[in-house]
Each structure stands twice: as structure tokens, then as C-alpha cells.
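The following exercises concern the contact between two chains and the build of one sheet. Please examine the sequence and the structure before working through the solutions.

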Amino acid sequence: MNKGTVAFVGRRLLQLVPVVLAIATLNFVLIKMAPGDAADILAGQMGHATLEFTQELRREFGLDLPLAEQFLVYIRRLATLDLGVSVIQQQPVLDLILDRLPATLLLMVTAIGVAIASGVSLGVVAARRQGGWVDNVISVVALLVYATPAFWLGLMLIVFFSIQLDLLPSGGMMRIGVDQSPFALALDVAHHLVLPALTLGLFYAAIYARLMRASMLEVYGQDFITTARAKGLPERAVAWSHAARNALLPVVTLAGMQLGHLLGGSILIETVFAWPGLGRLVFDALQQRDLNLLLGILFVSSVVVVLANLLVDLLYGMLDPRITHK
Amino acid sequence: MPISSARTLFAASLLALAVIPAHAQKKGGTLTYTYQPEPTAMSTISTTAVPVALIATKIYESLLEYEGAGMKPVPGLAESWTVSKDKKTYTFKLRKGVTWHDGKPFTSDDVKFSIEKVVTPFHSRGKTYFGEVAAIETPDASTVIFKLKQPVPYFLRAFQAAESPLMPRHGFSDEEIATGKIRTAKIMQNPIGTGPFKLKEWKKGSHIILERNPSYWKPGRPYLDQVVLRVLPDGSARAIAVEKGEVDLAPMSSLPPAEIQRLGKLPTMVASQEGNEGLGPIMWLEVNNRSKPLSDVRVRQAMSLAIDRRKLVDVIWYGQGKPASGPIVSGNPNHFDKLLKPLEHDVARANKLLDDAGYKRGANGVRFKLTQNFLPYGEEWVRQAEYLKQEFRKVGIEVETQSLDLGGWLKRIYTDWDYDYTSNFTHNYSDPTIGVQRAFISTNIKRGATFSNSMDYVNENLDALFRKAALLEDGPERAQVWAQIQAILRRDMPVIFLMEMSYSHIWNKRVHGLITNGISMYSGWDGVWVD
């Protein structure tokens, strides 16, 4: 890595601080604007709790302090990377997140891998046969997948692959209560990963296929493609090594921007497939006014998204040597 | 002088067990169940929410166990007990040789510690059960004496595993005890109990595995090797897992009602609404009695008459319940007034009552408008709200529906008191003094207290009856007081009783021995076995 890149990375990491602070503030305000607090919900869930009991809960978790003070306490803790204790779950927020983060990352990385690989290939294939029946089929299917709600697609995939054909498990991340060798465990997890990753990835594959096709057509019109063809390069090489590499940049840009979106999408998918990731935790935290947990998850996910975007920017330089990081 | 000893009863029940052919119960195997959401802790001290109570009651026990729908107390960790004549001294003899999951002996000190330092201050119903305890004495390692300030008629029902779990003193650090960090103590995630099962693995978001406690005090028990909880957040996915046999049991209505009805018809499945009598979930429309027109009892009675409860149960809830007759569920053999008739459905009379009350229909047929809220627990509650809107329209009441999530709902109903009516449900629990009194006694009109008297309903006569019932032992006299209370509440209609909800359980036919008492899913399952 050269000096310029190091400085670029450093600068981007510094940008994390205001981003995270802004996210924390915004979410604090939003969740405090919603009526009701976590003590009410906890007491409500327990049933037949007295008013005194509810107030004790509020005291225990500092929910009785003035709002400004609660905010200061929170920011002060965040500065020392202490995410606090979840009011509803009554466990350290960091533990709750770290328990589930790996599963979500695995699902996201696989899904985006599936999406880019299949989206790009289909886009290239469609562009090479522009106007032909292959192009038409790919375009129509992509449009259909794009328009299908992901959770419904997931349920249909379960019905087909898991109930009808009995080929793939309907949910979960691994077989339960079986001692497996690391290799067998990896295979088992992969087996469980197929349907959720496919469900989450297909939507993005559809977008990338359409984007890649348009981008390829644009590149095809440029002079260096005419040059490559004039040199007598086979059409396959023209498409994949010359056109595709250049056409890839918009896809990479979009993929980078969509990482946050992908994390949001995984909430639904994780619920449908009982995938033990962050998704469900976000949903519950929001429902239960679990401020600490929600802010913790948003903190971690914003860090993940910012870091992923940084990676994308670095990837640009590799794909296109004309881009340098200043 | 002892007036009650249950040792003979226990011997008799053991004898009864011996009569069942020995090959009936099988040892070994795994029972997998699913419930949503995932528990947040392994002890009901942390929270008594259903998912926690389900799993914690396999790990922790209390002094007694309970038999039958009437929840008759039988020996558990206490081998026997005596009650003094003035009903203010309860002496329990502990079973000897019981050990915690970590091998250390279970003693009377643990009982005293659990009740005084853990259950009373931190359990959500701790003060309800043990608020009258003046002192707990432990003359020796296997004797515990509770001295009460005044008699508590339901005291012997306090010793359920979910209500007063016994926890080891040595499981808490001195710092956790000194700073009162009981609810977040390490043991809440890493349980050490005396129960038939102990924690083997908890993979958050995925599953929990409990394994048999090899040194459990009941000889030959538990039958199962493992109890597994699978976390399946999506309702349809849970139903699929049950249908495919990947999950053996979906307890406490953890499947959508439509799925329970569908799966219950399969030859491989058993669907049951039994085993919840000790919880007694009951649903009503909570009505704000503060202002007109709902402050008029005739209006509330008319609304009650406008509802076809049979249709409500069958269509909206897929038959998973029973029309309510009053505040106490009919499955409660000790307190329900069996003479009560079902609440009527009579649109003509409803219209007449509203006319008499002075609310004539306007030009568009509307008498007045109301806003309804509903408990945000899923689609059935939404559909019920839509159904009620239709029925009330027929008697000239126009209803607008307002949707809130749980946090917003709790605040609007119990803190702001800013509502007309809302669907709601609560539990009778093992005694109506615990479960029913709370919602109707006028001293419980407290801003911010969830599931309290949000209606602003005041009836001094009723308050006095509640106080009287709270001091009487179960028997004809107490039953009479409860009958009076039920009659008053049916007449005054501070809330409109709708339905005895049923917690429906659905399980694979390979599972046996699940339903044993009024809190079957909150029992230890040591007698459950699989084919």
C-alpha cells in the first residue's frame, strides 16, 4: 500500500467518528420520540407487576433521568466503546451483538457474492445478445425477481426445496445437538446457507444484471472496443476482459452503496429462515424500545457499512488503475 | 398442631404411577419445542415473560409441585409441610440429599436466601406472594419456617417453579448481592438449579439444549435425555417445522391459530387447550369509564349484547378459546361460579338500551363515535377489531381504529388513560386475588401501572369483597364471595368480557405425558417421554 492510500484510509476512518455520532444522536431522538419506554414493556411482559416495580426497573436502567442526562450518559459510554446493558435482555449489548454478528456477515457476504457473480454474468450474456431471446428472457426474469417481495420468495423456496423436494433445510444455521467435525460443520452450515443467501442475493442479482447490461452496452459503443475487435481478438475476450472490466465500475459503486440496504433486507430474510443473525435483534429492540441495544446494533452496523465502503473504494483502484486515492 | 400433611398423598400418587404398565414410559430421546421470541434469560427472576418461564421451569424448582387443573399442592423439594391453626406459620421439611447442578448440597439457607433476597424483591409477583412474610427461620439445614403477618389464602400456591424459583446462594457473587444486581447476575445466563434438566448449550438466535440432570432427586427421572428449544422467528416457518417433524411441540399458542387448526387435524398431531387452568388467560374489551357515553353502564351493556362471542371464537380465533362468562375462567374449579350463564348476544335489546340511555340514531343511523385500540400481538387482534367495528355499526356506534405498537399502546392505555376501548387480556393465575382483583379494585387506579384498573372503575362494595376474599381460605364461604364479585362485574361491565383465551399446544403423537396440571408447560417435564 502506498503512502497516499494509507492517508486515504486514515482519513476515511476518522470520518467514522462524526458519522457514528450523528447516527447515535438521530436514533436517540427518534426512539425517545416514540411513546412508551422499555420499563413499561418489560413490566407489561411480566404481567401483574406493580407500579413500584415498574419504577424500580426504570431506576435500575437509568430511564428515570432527564432526557439530556440520559443522552450524555450514553455518549460518554460510547466514547469508551461501552455499549451498555440491554434493558429488555439484561445482558451486555456488545455480547448480544457479537453473538449474532458472524451469522449476519456470513449471510451478507454470501448473498452479495451470489448477487454480483450471477448479476454480472447474466448482464454480460444479455448485452452480448442484445435484442435476442436470451436477452429478453434474462430481462423479464430479472424484472420479475426484482418485483417479488423477498420474504414471499423465501417462503416459496422453502415450500419447493424443503417441503416438496426435501433437499434443503427450511431454517436454522446448522443441525442441532449433533457433534460434528469442523469440516462437516462447515458443510452443514453451507447447506443451511443456500436458501437464505439465494433469497437475499437474487433481488440484488436482478438489479446488477440490468445495470451490468446497460453499462456493457455503453462500453460497447466506445472506441477501445472497436480497436480490440480490429486487433482480431475473439469476441469472448473482448466482452470479458475489455468491456466487462470497464462496465463493472457502476456495479461495484452500487453494491457498495447498497450494503446498508442489504443489512436491512437481511432482517426479513433472517426471520423467515430462522437465521441467527442481527436482523431479528434489530426488530425486537425497536419493538421493545430497547434503546441501548438498538443504538449498539446501529453503531456496529454503521461501522460495518463504513468499513465496507472503504473496501469498495480500495477495490476501485484495483479494477481501474486510473483511479488513485488522494 | 399440623392440620395438613401431604406425605400420604404423595405415596398414594407413587402407587398410582406403579399401576401403569412399566413399559409405557420410555427412557431417552429428545423433545424439541419452539416458541417465539427467544428467552432473554434462564430464570423468571430476570423476567416472567412466557419464553423465559417455559425454559426456566425445567432448570429451577420451588418447594412444591402441583397436580391437576385445580393445582393441588404436592411435595416437591419440600417433602412435607404443616400449617399452624392461625394460618400464619408454615413449616416445610426439605427433602434430604438434593444437590444443585454443580453438585453442592441444597439447604434451607438457599431457600431463605432465594425468597428474601431474590424472589420477593425482584420477581414481578414477589411482593404479591411474599409481601406478608414477617420472617423466614431455618432451625436446621432441612427445615424452613415462614412466619406471616396475616393469613394469605393462596400462600401454598406460591411455590411454583416459575413463581418462586429456588436459586443457590453460592451462584451469586457477594458484589451482585451487595449492589442488588440480581436481575443481571451471571447466573441468569448460566443457570444452576435443582431441576430435572440443566443447560448444555445456548447458541443465541438459534437454539438452546438442556440435558438430563443425572443426579435428579426423583429416582429414574427425567425420562428424556434432552430438551431442545429451536428459535424460529417466523410463524409459517414454525408451522412447517412442526409439520415436518423437525419440532415435536409448539406450546402456548406459539403457532398462528389458523395453523393450529390445520395441523391439529393431521393424524400425527395432538392439539390441546388443556393444562393452562392455573394461568387462566382471559380477554376483554377494556373500557374507559371516565366520560360519556361509556360512563353509562347501559351503553357498556349494549356493547356487550352487540357481540356474538361464539362467532368471535370460531371465526377470528379459529375455535381456539371459549366465550367468556365473566372475569374468572370456567376451567378454574375453585373459584368460577358454575351457575353463570353465557353472556348474551341480542342486537334488539342492545338498541333498546342505547335508546333508553338517550343516544338516538342520527340521520345516518349513527348514535355516537368511538375510537378503538387493540393489543398489538398479531393479526388476529387486528381482525377482531375489524369484526367489532362491524357489530357495533349494527347498533349505531361508529368506530374508528387506531393502531399502536406495544410501547405506544401501554403508554396510551395505562399512563395517558387516553382511549375509549381496547382489546386486552390478562391472567387469572392460580388465585383470583392475584389475577382478578388487580384489574378492578379501585386502589389500583394508578397512572403508569400496566394491566391495572385503567378504566377508572370504582365500586366500594366490590373493593370490600376483594378484601374479604383475600383473607379467606378456599372453601364454600370464599367461593360465595367470588360468586358475588363475578355477579357485580357482569352487571357493572367496567370491561366487556369477550373470551376465555386458550393457550393451545400442539405436539407430535410421539410425545407423551405433557399435560399434568394447570401450568403444564411451566412444569419440569421430568415425566414426559417420547416414543
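Two strands count as paired if DSSP finds at least two bridges between them. The model examined here is predicted.

**Exercise 1.** Determine how β14(B) is joined to β18 of chain B, and in which sense the two strands run.

*Solution.* Step 1: 3 bridges link β14(B) with β18(B), which covers residues 495-501. Because a pair requires at least two bridges, these strands qualify as paired. Step 2: the two strands run antiparallel. Step 3: within this pairing, Pro323(B) is found opposite Met499(B) of β18(B).

**Exercise 2.** Establish the strand order of the open sheet in chain B and identify its edges.

*Solution.* Step 1: the sheet has 6 strands, ordered β14-β18-β13-β17-β15-β16 in chain B, and its pairing is mixed. Step 2: β14 (321-323) and β16 (397-402) of chain B are the edge strands, since each pairs on one side only. Step 3: from one strand to the next, the twist averages 30°. Step 4: helix α11(B), residues 379-394, packs on this sheet and touches β15, β16 and β17 of chain B. The direction of α11(B) makes about 160° with that of β16(B).

**Exercise 3.** Describe the side of chain B that touches chain A.

*Solution.* Step 1: 51 residues of chain B contact 44 residues of chain A. Step 2: elements giving two or more residues to this side include α4, β9, β10 and β17 of chain B. Step 3: α12(B) gives the most, with 6 residues. Step 4: the residues on this side of chain B comprise 17 nonpolar, 21 polar and 13 charged.

Definitions and conventions. Residues numbered from 1 in each chain as written. Chains lettered and ligands numbered in written order. Predicted model: local features only at pLDDT ≥ 70, side-chain atom pairs only at ≥ 80, totals over all residues. Contact = placed C-beta atoms within 7 Å. Helix = DSSP H or I, 4+ residues; strand = E, 2+ residues; numbered from the N terminus. Nonpolar A, V, L, I, M, F, W, Y, C, P; charged D, E, K, R; others polar. Axes fitted to C-alpha atoms, helices over the stretch in contact; angles between N-to-C directions.
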